Structures are given as structure tokens and as C-alpha cells.
Amino acid sequence: MSDKEEVCPKCGKPLGEITTTKSGRQLQRCTGGSWNPETHQTEGCVFVKWIQAEPKVLDEKCPKCGAPLVLAFTRFGKKMKKCSTSGWDKEKKQAIGCDYIEWINGTTEPLDEACPTCGKPLVLYTTVGGKRMKKCSTSGWDKDQRVATGCPYIEWLKPGEGVGNGEEFLPPEETESSSNQ
Ligand SMILES: [Zn+2]
Ligand SMILES: [Zn+2]
Ligand SMILES: [Zn+2]
């Protein structure tokens, strides 16, 4: 870490303190913006800088090569276990090392948005297949009665559609761009 204060690339104001989301991701918001709980919108500058967390080394071994697995997040909040020997050769633009990846089932992430139906917070849900939707945090599924419970609000997001603010400033997700298999 350097002492140099980081400034917002959008408005030049200093970035705020590092905060951690419930899902464990870290971010810094621009001090030029503020959350208005009445309108449920960020006023002023909406820049958010996501901090790339160090991959967490897991107490599990890669089934392919025996090296430790690490827990990694993609830019959209998907979680995966991947082999700690895997990497990305920037010059050759190809994956190097062991290619073992195990996606972790759908993830949810709290959103700074209120449900238009009931006013409760929305969550961002990512399916195993990487589809994303905003849904109401009160929604659930009654396994016995086989009916949805709580608020039915769901909004599917088109692939690539941004959620929250500042995602466009993230570096490209290298591990997802490799289509060789
Ligand atoms: Zn700003
Ligand atoms: Zn491996
Ligand atoms: Zn709702």
C-alpha cells in the first residue's frame, strides 16, 4: 500500500475508506457521491472501485495435480475454486499451469437497491451458469408445498449488463475469456 491518496477517475475527488461487502468483496466508493435512503439512489458521483482480493488458499487439493486450490471471484461475483498453479500468460494470451476450475453454486450479493414491489432490499443472484438476476431478498422457496414464498419480484439481467456502479472500470476477467477446452 502506498501513502498516495487515490482519487476518483471520474470526478477527481478522493476515494473513501475500503469497505467489505457481505459476500467478502472489497470496494472503495468515491467521496463525491452519497447514498440517499429516500430515493434509493446514489447522488453525485457513482464511481465504485472494486478491490481485487487476494485469492484465498483453501484446505483442498486439486484433483488434477494435487496443488492447493484457491477461492477466486470473477468480476460478476461468481465464485470458483481453481488450481493455485493456474495463471495467465499476458504475452501469449493463454492460460498456463493447471486448468482445473470448479464453479461454486449460485451466489447472492446484496444490492444497494430497494425492491419496487415491497421496498425490501434486492439481492443479485448469479446462477451456476452465470445468468444473473435481481430478486427480492424476501423471496424463497417452500420445498414442502413447492411454492414460491415471499415477494415474487425478479428482474433478469441481460448478459454483460452492469449492476451497481463502476463495474466498467474493472480489468477484464482473464480466466473467463479462455474458451479452449
Ligand atoms: Zn467521483
Ligand atoms: Zn491443479
Ligand atoms: Zn420485494
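A residue is buried if 20 or more other C-beta atoms lie within 10 Å of its own, exposed if 12 or fewer, and partly exposed in between, with C-beta atoms placed from the backbone. By that count, 16% of the 181 residues of the chain are buried.

The model is predicted: local features need pLDDT of at least 70, side-chain atom pairs count only at pLDDT 80 or more, and totals for chains, interfaces and linings use all residues. Residues are numbered from 1 along each chain as its sequence is written, and chains are lettered from A and ligands numbered from 1 in the order in which they are written.

**Whole chain**

Colour by secondary structure. The chain comes to 1 helix and 17 strands. Helices (H or I, at least four residues) and strands (E, at least two) are DSSP runs, numbered from the N terminus. Next, consider contacts, meaning pairs of residues whose C-beta atoms, placed from the backbone, lie within 7 Å. Of the contacts with a separation of 6 or more, 32% join residues 24 or more positions apart.

**Stop 1: β1, β2 and β5**

Select 15-20 and 48-51, which are β1 and β5. Add β2, residues 26-30. These form an open sheet of 3 strands in the order β1-β2-β5, with antiparallel pairing; two strands pair if DSSP finds at least two bridges between them. β1 and β5 are at the edges with a single partner strand each, so one side of each has no neighbour in the sheet. Neighbouring strands here are turned by 25° against each other on average, direction ignored. Axes are lines fitted to C-alpha atoms, for helices over the stretch in contact, and angles run from 0 to 180 degrees between N-to-C directions. Zoom in on β1 and β2: 4 bridges link them. Thr20 stands opposite Gln26.

**Stop 2: the β3-β4 hairpin**

Select 33-36 and 41-44. These are β3 and β4, antiparallel over 4 bridges. Gly33 faces Gly44 across the pair. There are 4 residues between the strands, and His40 takes a positive phi near 55°.

**Stop 3: two loops**

Pick Pro63, in the loop between β6 (56-61) and β7 (68-73). Is Pro63 buried or exposed? Pro63 is exposed, because 10 other C-beta atoms lie within 10 Å. Measure from Pro63 to Cys83: the C-alpha atoms are 9.0 Å apart, across 20 residues of sequence.

Now pick Cys98, in the loop between β10 (94-96) and β11 (101-103). Cys98 is partly exposed, because the count is 18 other C-beta atoms within 10 Å. Beyond four places in sequence, Cys98 touches Cys62, Lys64, Cys65, Ala67, Cys83, Thr85 and Ser86. Cys98 and Lys64 are 34 residues apart along the chain, with 7.7 Å between their C-alpha atoms.

**Stop 4: the sheet of 4 strands**

Move on to the open sheet with the order β12-β13-β14-β17, paired antiparallel. Its edge strands are β12 (107-114) and β17 (154-157), each pairing on one side only. Neighbouring strands are turned by 25° against each other on average, direction ignored. β12 and β13 (residues 121-126) run antiparallel, joined by 5 bridges. Ala114 has Pro121 as its bridge partner.

**Stop 5: the core**

Which residues make up the largest nonpolar core? Select Cys115, Leu122, Val123, Leu124, Tyr125 and Cys136. Such a core is a set of buried Ala, Val, Leu, Ile, Met, Phe, Trp, Tyr and Cys residues joined through C-beta atoms within 7 Å. β13 gives the largest share, 4 residues. Finish on Cys136. Outside its neighbours within four places in sequence, Cys136 contacts Cys115, Thr117, Cys118, Lys120, Leu122, Gly150, Cys151 and Tyr153.

Methods: Contact = placed C-beta atoms within 7 Å.
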